[in-house]
Amino acid sequence: MNKVKTTCPYCGVGCGVIASLSEEGKIVVTGDPDHPANFGNLCSKGAALADTVGYDGRLLYPEVDGETENWLNALNLVADKLSSAVRNHGPGSVAFYVSGQLLTEDYYVANKLMKGFIGSGNIDTNSRLCMSSAVAGYKRAFGSDTVPCSYEDLECAKLIILTGSNTAWCHPVLFQRIKKAKRNNPDLTIVVVDPRKTASVDIADVHLAIKAGTDHVLFNGLLTYLDGSTEKNNKFISNNTEGFDAAIAEAKESAGDIEKVASFCGLSKESIENFFRLFARTERVVTVYSQGINQWSNGTDRVNSIINCHLITGRIGRPGMGPFSFTGQPNAMGGREVGGLSNQLAAHMALENKDHQNLVQTFWQSPYIAKQEGLKAVDLFKAVHEGKIKVLWIMATNPAVSLPDTEFVREALEKCEFVVVSDCVRETDTTKYADVLLPGQTWGERDGTVTNSERRITRQRSFLPIPGDAKPDWWIISEVAKRMGFAEKFNYEEPRDIFIEHAALSGHKNNGRRDFDISLFSDVSYRGYDDLEPVQWPVNRKSPEGTERMFVDGLFFTPSKKAQFITVKAKTPASNVNENYPLVLNTGRIRDQWHTMTRTGKSAILSAHIIEPYVELHPDDAHQFKVENNSLVTVSSDKAEVIVRAVVSDSQQKGNVFVPIHWSHQFASKAGVGSLVGNNCDPVSGQPEFKYTPVKIKTYNAKWFGFLLSRRKLDIKNATYWSSSKGHGMWRYELAGDESAEDWAACARDLLCTKSDDVNWVEYFDQASLRYRAARIENDHLESCIFIGPDLNLPERDWLAKLFDNDQLEEADRISLLTGKPTDPKADSGRVICACFGVGINTIKQCIVENKLTTAEEIGELLKAGTNCGSCVPELKQLLSE
Ligand code: SF4
């Protein structure tokens, strides 16, 4: 294999990577120094990509009702079911639920089939959950879904506001770029607006720890302040915008004076005043926002409250300024471009616009065109539950975990007449509901394009052999379309054939009327497509090198060509805390995991940072609700309950808790946070309110606690609580149970699937303390070990995990196994902080103390920690401060 340039499949930063083979024949993935998104840098997830390309757990062949089937029969069946549902119940009786993981070419074909040939708008995407409010906000303000900025603006800015964005963990390479910009330009001020003290606060000059959900009042207050300042750009407002008077009147009404804003946001008057003054006097300001702004039942208004502040000052379309939405998924932007959301048409055209309907239908020469918007994600699954959707095709996503109210979603999937799932993973929480499973390709096998948060299109190239009978998604969809009678219009042989059609449609009757235009590529050759360099759209005859910044001429894509101020009311969340549910649940990502862990969960390096699902809560709340750090707790809403580990930290505000989104039933017994969240959605964007769910918290009084480490992956049955994580050469399981076993030895053997007469089994039971330990040693190496006790006083796991690296156990190791303590205390390096170099917390703490270290750089010099991707530097600083 030669070096292959491709794109990281995780977040919307869209880092370029180079895949190659080492001399030992191993796949190596490094950052692409020439890619303009990352210039060679990668975060911990990108750096561990090579760890995740194994074929274990893959779906390799089509299956029908759980039995392997050939492609021909499986495709015929799917096409028959779709056709007969449309014939008997109309086009609205079928739906596709797709994903920001799909490549643009896959997305294009899926959208074309549904909107042009089935004739329904019922295709929606999991991007609905992460950035549809950002889309709606841009469209309301600019008349188009246009991201105005480039990453380079982060380097040109004098003020960067990160609001509702834990950039350090969710877009780490951009965080590194901002950090470097700050190093190079000490005048750059960084403000983080976030109720939590996240890792992003590490580089903040100012942290505005607002009350959860008050950001739109903060920005309404800022708008009011700017109205009275010399920075109000009257010329821009009158020449380039509309709606100012109404927006400012409502902002004044809802936000009031600085004192009122401060009290609403839970901050001091001085901090608000300083922030407003800073914004007003700094011309080059970029406001970055992400899920913390989008995931509200008024997320679109929140987005517009930010954009309004850029419009009143005219700070848009010039270097170092603008409202900048960072997208979550690798190809959320590509999905937007082809109309992957149920309320969009292809090529950024508007579904409700008759001219656009005609234009797309004529271009596609399709029998139909969707004339009204289809169902948005939450409504789509409601319709499935009500039996209105007869055939549902889910592509490359896991809605049984990621949607809100997942119990309802699971019921809907159970009830649905016919569910098709195309995925690369065999066992997910969603695949078990499938009547038909279709094996898709995954990163390293797929070929096509993706678009990142700065409108940059980059090739994703294949470099791995295709396992089993896995096929590209565009091929699967096209084959189904052919069998539904649309062969002529889905006769693609290569992704390039789709790309040129997509490019041609973007330029069709465009002439600058629409923002999305990549018509320069409408006749790109196969060779040209293969060699396509990263480029920012629009890219057409007028801008053949692409377009760094939008709206430089002050003209927008509204009918009047003027940007729109939007009236933003101060709205409270859809449901509020009360005496039964007194805490606010916030959800989000962690540093080293991605989505439902189907890929990152395979990596020992990435799993080492945070090994269990957890809830983070403030010490005062821990005290009030009698929760101890590291104990197991239940977190419940009026929908469901999860069991997770408690992490007591003053990073949380009192009254707020945080639970990450990643854990599915594949990795924990009961930790899917989506089950707690209600179905309250933004009326404009349809985005669910993941950032505010009233919950309560209680200690989970288990009768026993334990953990086991095993070379084999186990199917845990007799523990009420379990969570699993991948280690080096083994799996780690944390356990707890409601009922004490009468015979611990039998219980342990059961968990480890071993027999009572196993000669390799050594065990120790302390009757007085009710502590049980056992290990299975095969051919002198450790096969598995288990530790159980009546409380949380169990041995540290990390040094035990290291014993699995040894080919042969020493006598001292065997003794350690039964005493539960390492013979050398230094052997316990502790929880991994630096994923890139596997440096544990104990090693770092010891090094700090012994060498009297005061900076993260000094730790890096001695231990290398923090010197690669830098994602752990905020935690290194935290350890130094402790
Ligand atoms: Fe991948 Fe990390 Fe870059 Fe995101 S920041 S694209 S996860 S390497």
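This is a short chat about one predicted model, covering a sheet, several helices and one alanine.

Colleague: Start with the open sheet of six strands. What is the strand order?
Modeller: The order is 28-29-27-32-31-30, and the pairing is antiparallel.

Colleague: Which are the edge strands?
Modeller: Strand 28 (721-727) and strand 30 (761-766), each of which pairs on one side only. From one strand to the next, the twist averages 10°.

Colleague: Which helix packs on the sheet, touching strand 27?
Modeller: Helix 25 (residues 744-751) does, and the strands touched are strand 27 (704-710), strand 29 (730-737), strand 30, strand 31 and strand 32. The direction of helix 25 makes about 140° with that of strand 30.

Colleague: And what lies across strand 30, strand 31 and strand 32?
Modeller: Helix 27 (residues 811-819), running at about 150° to strand 31.

Colleague: How many bridges join strand 31 to strand 32?
Modeller: Seven, between residues 771-778 and residues 781-789, with the two strands running antiparallel. Y772 stands opposite I788, and I777 stands opposite L782.

Colleague: How many residues sit between them in the hairpin?
Modeller: Two; N779 in that turn has a positive phi of about 50°.

Colleague: Over how many bridges do strand 27 and strand 32 pair?
Modeller: Six, again in the antiparallel sense. In that region F705 stands opposite G789 of strand 32.

Colleague: Why call strand 32 largely enclosed?
Modeller: Because eight of its nine residues are buried, the rest of the structure largely encloses strand 32.

Colleague: Changing topic. How far does helix 7 reach from its first C-alpha to its last?
Modeller: Helix 7 (residues 172-184) reaches 18 Å with 13 residues, close to the 18 Å expected at 1.5 Å a residue.

Colleague: How many of the residues of helix 7 are buried?
Modeller: 10 of its 13, so to speak of helix 7 as mostly covered is fair. The buried ones include F175, R177, K179 and K182.

Colleague: What covers them?
Modeller: The cover includes helix 1 (44-47), helix 5 (152-156), strand 8 (159-163), helix 6 (167-170), strand 9 (189-193) and helix 30 (873-881).

Colleague: Next, helix 8 and helix 10. At what angle do they pack?
Modeller: Helix 8 (residues 215-227) and helix 10 (residues 244-255) pack at about 120°, with their axes 8 Å apart. The crossing is left-handed.

Colleague: Which residues meet there?
Modeller: V217, N220, G221, L223, T224 and D227 in helix 8 meet F244, A247, I248, A251, K252, S254 and A255 in helix 10. The contact divides into seven nonpolar, four polar and two charged residues.

Colleague: What about helix 17, how many residues are buried?
Modeller: Seven of the nine in helix 17 (residues 377-385). These are A377, V378, L380, F381, A383, V384 and H385. Among the elements covering them are strand 6 (94-98), strand 14 (391-395) and helix 19 (406-415).

Colleague: Which residue just after helix 17 takes a positive phi?
Modeller: G387, at about 85°.

Colleague: Last one, A79. Buried or exposed?
Modeller: A79 is in helix 2 (residues 71-89). Its relative accessibility is 1%, and the cut-off for buried is under 20%, so A79 counts as buried.

Colleague: What does A79 touch?
Modeller: V480, R483 and M484, leaving aside residues up to four places away in sequence.

Colleague: And how far apart are A79 and F264?
Modeller: They are 185 residues apart in sequence and 55 Å apart in space, C-alpha to C-alpha.

How values were computed
Residues are numbered from 1 along each chain as its sequence is written. This is a predicted model: local features need pLDDT of at least 70, side-chain atom pairs count only at pLDDT 80 or more; totals for chains, interfaces and linings use all residues. Side-chain values use heavy atoms; hydrogens and water are left out. Two strands pair if DSSP finds at least two bridges between them. Helices (H or I, at least four residues) and strands (E, at least two) are DSSP runs, numbered from the N terminus. Axes are lines fitted to C-alpha atoms, for helices over the stretch in contact, and angles run from 0 to 180 degrees between N-to-C directions. Contact means heavy atoms within 4.5 Å. The expected span of a helix is 1.5 Å times one less than its number of residues. Buried means under 20% relative accessible area, exposed over 50%, partly exposed in between (1.4 Å probe, protein chains only). A crossing is left-handed if the near helix is turned anticlockwise from the far one by less than a right angle, and right-handed if clockwise. Ala, Val, Leu, Ile, Met, Phe, Trp, Tyr, Cys and Pro count as nonpolar, Asp, Glu, Lys and Arg as charged, and the others, Gly among them, as polar.
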